[in-house]
Amino acid sequence: MKAYIDKLECSGCLSQEEFALLIENHTPELDEYLFEKSRALRQKYYGNDIYIRGLIEFTNYCKNDCFYCGIRKSNHNASRYRLTKQQILDCCEVGYSLGFRTFVLQGGEDESYTDEILADIIYSIKFLYPDCALTLSIGEKSYDSYKAFFDAGADRYLLRHETADCNHYQKLHPHTMSLENRKQCLYNLKKIGYQVGCGFMVGSPFQTAESLAKDLLFIHELQPQMVGIGPFIPHHDTPFASQAGGTLQQTLFLLGLIRLMIPNVLLPSTTALGTIHPQGREMGILAGANVVMPNLSPVDVRKKYLLYDNKICTGDEAAECRACLQKRMQSIGCSIVVDRGDYKSAE
Ligand code: 5AD
Ligand code: FES
């Protein structure tokens, strides 16, 4: 198995069969072998710097009905909210003073925010904070909408592909959604000029080593600047309430493989990872991740943006999370930097 890790490091990819074998057969010893390499690559490109992104969860209304997600439209127990433009700008102000230089606007697919409204919000944030990067994470839109947001000043876009296996995709989503459209959106975003992030949940229901291998091959094909992965965690009001969650070890192993495959990728150690283990985010960094995304949403709405159960930090002020993460990163020899945290191209 070590030979496969070496091969991945040298050539940047493996076959589907080789990836699947690694995923099925990794051991704690192999994990350590991988993490040494993935950490060294993170060091090579980003040193001990950890980039922070201020996450603003501005709406939990969603027209979609993904089977895994707590804010799916069929969840009538979800208490819905929307932030106004002013509330969003207030989050940015707090964030800027705490040293955030990237803001992420994330929300469900909520059509009450028209392209015009969103473009105005994007333009205003970039006007007030010209030294900041703005990331959008608002789902599937038309080419023209993506272009309008880009022209208004958005720099980056996160759209997890969720799974690169068609059959698996249909087991996680209703038939109104398709992997084909998801991929098309990602290619459109790239073409427009965004820094693009795809990704998936580790341990989602019906996932196999083979489907994970396809995820890795899709990432290799897309060559995104960012990859977001975290464990699947069941939400009690969804069809997947009683399914098993993803594991820490599997998530860390995949983080390491992704760092080896795209050495300069921007790779978050996610809140979901911090939710399944008290030191999950630190372990994610030690497996090769280099980004953390604390929450800047107003505390009174945080508990409402519940994609999965037991989400951490829903009661904490932005400043508390900032300080907490600083301490956590320092405990493993890293430090949070005041920086846009752009993708560094490979030399
Ligand atoms: N567990 C973990 N991650 C989830 N997401 C949605 N629901 C869950 C869940 N139950 C992830 C999806 C989505 C991102 C915003 O959150 O991958 O793309
Ligand atoms: Fe929110 Fe630690 S990051 S309290």
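The exercises below work through helix packing, cysteines and selected residues in a predicted model.

**Exercise 1. Find how helix α2 is packed against helix α9, and state which residues make the contact.**

Solution. Begin with the geometry: helix α2 covers residues 16-25 and helix α9 covers residues 209-222, and their axes come within 8 Å while crossing at roughly 125°. Since an angle that is neither under 35 degrees, nor over 145, nor from 65 to 115 counts as oblique, α2 is oblique to α9. The handedness of this crossing is right-handed. Next, list the participants: α2 contributes Q16, F19, A20, I23 and E24, and α9 contributes A209, E210, L212, A213, K214, L216 and L217. Sorted by class, this contact of α2 with α9 holds eight nonpolar residues, one polar residue and three charged residues.

**Exercise 2. Determine how α2 meets α10, and which residues of α2 are buried.**

Solution. The axes of α2 and α10 come within 10 Å and cross at roughly 145°, and the crossing is again to be assigned a hand, which is right-handed. On the side of α2 the contact is formed by F19, L22 and I23, which meet Q250, F253, L254, L257 and M261 in α10. The class count for α2 with α10 is seven nonpolar, one polar and no charged residues. Turning to burial, the residues of α2 that count as buried are E18, F19, A20, L22 and I23. Their cover includes α1 (2-11), α3 (28-46), α9 and α10 (248-261).

**Exercise 3. Characterise the packing of α5 with α6, from the angle to the residues involved.**

Solution. Helix α5 (residues 115-128) packs with helix α6 (residues 143-152) at an angle of about 25°, and the two axes are 8 Å apart. Because angles under 35 degrees count as roughly parallel, α5 is roughly parallel to α6. The crossing of α5 and α6 is right-handed. The residues that meet are D115, L118, A119, I122 and Y123 from α5, and S145, F149 and A152 from α6. By class, the contact between α5 and α6 comprises six nonpolar residues, one polar residue and one charged residue.

**Exercise 4. Establish how many disulfides the structure holds, then examine C13 and C166.**

Solution. The count of disulfides is zero. For C13, the nearest cysteine sulfur belongs to C198 and is 13 Å away, and C13 is in no disulfide. For C166, the closest cysteine sulfur is that of C185, at 15 Å, which is too far for a bond, given that a disulfide requires sulfur atoms within 2.5 Å. The surroundings of the two cysteines can then be set out in turn: C13 has a relative accessible area of 15% and is buried, whereas C166, at 52% relative accessibility, counts as exposed.

**Exercise 5. Locate H161 and L212, decide whether each is buried or exposed, and name what each touches.**

Solution. H161 is placed in the loop between β5 (156-158) and α7 (166-172), and its relative accessibility of 0% means that H161 counts as buried. With neighbours within four places in sequence set aside, H161 is in contact with Y169, L179, R182, L186, C198, G199, F200, D215, F218 and I219. L212, by contrast in placement, belongs to helix α9, and with 2% relative accessibility L212 also counts as buried. Under the exclusion of residues up to four places away in sequence, L212 touches I23, F200, Q207, Q250 and L254. As a check on distance, L212 and L136 are 76 residues apart in sequence and, from C-alpha to C-alpha, 25 Å apart in space.

**Exercise 6. Describe the position, exposure and contacts of S112.**

Solution. S112 lies in the loop that runs between β3 (102-107) and α5. Its relative accessibility is 36%, so S112 counts as partly exposed, this class being the one in between under 20% and over 50%. Not counting residues up to four places away in sequence, S112 touches R82 and I117. Finally, S112 and T102 are ten residues apart in sequence, and their C-alpha atoms are 25 Å apart in space.

How values were computed:
Residues are numbered from 1 along each chain as its sequence is written. Chains are lettered from A and ligands numbered from 1 in the order in which they are written. This is a predicted model: local features need pLDDT of at least 70, side-chain atom pairs count only at pLDDT 80 or more; totals for chains, interfaces and linings use all residues. Side-chain values use heavy atoms; hydrogens and water are left out. Axes are lines fitted to C-alpha atoms, for helices over the stretch in contact, and angles run from 0 to 180 degrees between N-to-C directions. Helices (H or I, at least four residues) and strands (E, at least two) are DSSP runs, numbered from the N terminus. A crossing is left-handed if the near helix is turned anticlockwise from the far one by less than a right angle, and right-handed if clockwise. Contact means heavy atoms within 4.5 Å. Ala, Val, Leu, Ile, Met, Phe, Trp, Tyr, Cys and Pro count as nonpolar, Asp, Glu, Lys and Arg as charged, and the others, Gly among them, as polar. Buried means under 20% relative accessible area, exposed over 50%, partly exposed in between (1.4 Å probe, protein chains only).
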